[in-house]
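User: Please take a close look at the metal site in this model. I would like to know how the site is built and how the rest of the fold is arranged around it.

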Amino acid sequence: MPTYDFKCNQCGHRFSLVTSISGRKNAVCPECASREVTQLLTGFFYARPGGDGAAASSGGSCSGGSCSSCSGC
Ligand SMILES: [Zn+2]
């Protein structure tokens, strides 16, 4: 599922949720439990951990077998 970033309108806390499209509508601030949260567009552009972006950046320095997060080299 995609990751969505939110900012709380009440306390300003920023947080991320891994949820479905329908679930993001029910996002609640983990700090103050406010439902007044704004979805940040940055979530659409972030590469997920272990995704293509991370694999490409770490692949160059991986000497083979020593990279715990890489199973392909
Ligand atoms: Zn809050």
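**The zinc site and its surroundings**

Analyst: Four cysteine sulfurs hold the zinc ion: the SG atoms of Cys8, Cys11, Cys29 and Cys32, lying 2.3 Å from the metal. The model is a predicted one. The angles subtended by the 4 donor atoms run from 103 to 115°, which makes the arrangement tetrahedral; the criterion asks that all angles lie between 85 and 135 degrees. Along the chain the donors follow the spacing C-x2-C-x17-C-x2-C. Cys11 sits in the loop between β1 (3-8) and β2 (14-18), and Cys32 in the loop between β2 and β3 (37-40), so this pair ties together parts that are 21 residues apart in sequence.

Accessibility can be given for these two loop donors. Cys11 has a relative accessible area of 43% and is partly exposed. Cys32, at 35%, is also partly exposed, because the partly exposed class lies between under 20% for buried and over 50% for exposed.

Two further donors belong to the nonpolar core. The largest such core has 7 residues, Tyr4, Phe6, Cys8, Phe15, Ala27, Cys29 and Val37, and thus includes the zinc donors Cys8 and Cys29. β1 supplies the largest share of this core, 3 residues. Within the core, Phe15 has contacts beyond its neighbours within four places in sequence: Tyr4, Asp5, Phe6, Cys8, Val28, Cys29, Pro30 and Val37. Cys8 and Cys29, both donors of the zinc ion, are therefore among the residues that Phe15 touches, if "contact" is taken as heavy atoms within 4.5 Å.

The strands come next. The protein has 3 strands and 1 helix, and the pattern read along the sequence is β-β-β-α. The 3 strands form an open antiparallel sheet in the order β2-β1-β3. β2 and β3 are the edge strands, each pairing on one side only. From one strand to the next the twist averages 35°.

β1 pairs with β2 in the antiparallel sense through 5 bridges. Two of the bridge partners can be named: Phe6 is matched with Phe15 in β2, and Tyr4 with Leu17 in β2. The two strands make a hairpin with 5 residues between them, and Gly12 in the turn has a positive phi of about 80°. The donor Cys11 is in the loop between these two strands. On the other side, β1 and β3 are joined by 4 bridges, again antiparallel. Here the donor Cys8 stands opposite Val37 in β3, and both residues are members of the core.

In a regular strand the side chains alternate between the two faces of the sheet. Tyr4, Phe6 and Cys8 are core residues, and β1 spans residues 3-8.

Two residues of the loop between β2 and β3 deserve a note. Ser34 lies in this loop, as does the donor Cys32. At 10% relative accessibility, Ser34 counts as buried. Outside its neighbours within four places in sequence, Ser34 contacts Cys8, Gln10, Ala27, Val28 and Cys29, a list that includes the zinc donors Cys8 and Cys29. The C-alpha atoms of Ser34 and Gln10 are separated by 6.8 Å, with their positions 24 residues apart along the chain counted as a separation.

Thr19 is placed in the loop between β2 and β3 too. Its relative accessibility is 14%, so Thr19 counts as buried. Leaving aside neighbours within four places, Thr19 is in contact with Met1, Pro2, Tyr4 and Arg24; of these, Tyr4 is a core residue and the bridge partner of Leu17.

For the protein as a whole, buried residues make up 21% of the 73 residues. Of the contacts with a separation of 6 or more, 35% are between residues 24 or more positions apart.

Note on methods
Residues are numbered from 1 along each chain as its sequence is written. This is a predicted model: local features need pLDDT of at least 70, side-chain atom pairs count only at pLDDT 80 or more; totals for chains, interfaces and linings use all residues. Side-chain values use heavy atoms; hydrogens and water are left out. Donors are N, O and S atoms within 2.8 Å of the metal (3.2 Å for Na, K and Ca); water is not among the atoms, so sites may look incomplete. Four donors count as tetrahedral if all angles lie between 85 and 135 degrees; four count as square planar and six as octahedral if opposite donors are over 155 degrees apart and all others between 65 and 115; anything else is irregular. Buried means under 20% relative accessible area, exposed over 50%, partly exposed in between (1.4 Å probe, protein chains only). A nonpolar core is a set of buried Ala, Val, Leu, Ile, Met, Phe, Trp, Tyr and Cys residues joined through side-chain atoms within 4.5 Å. Two strands pair if DSSP finds at least two bridges between them. Axes are lines fitted to C-alpha atoms, for helices over the stretch in contact, and angles run from 0 to 180 degrees between N-to-C directions.
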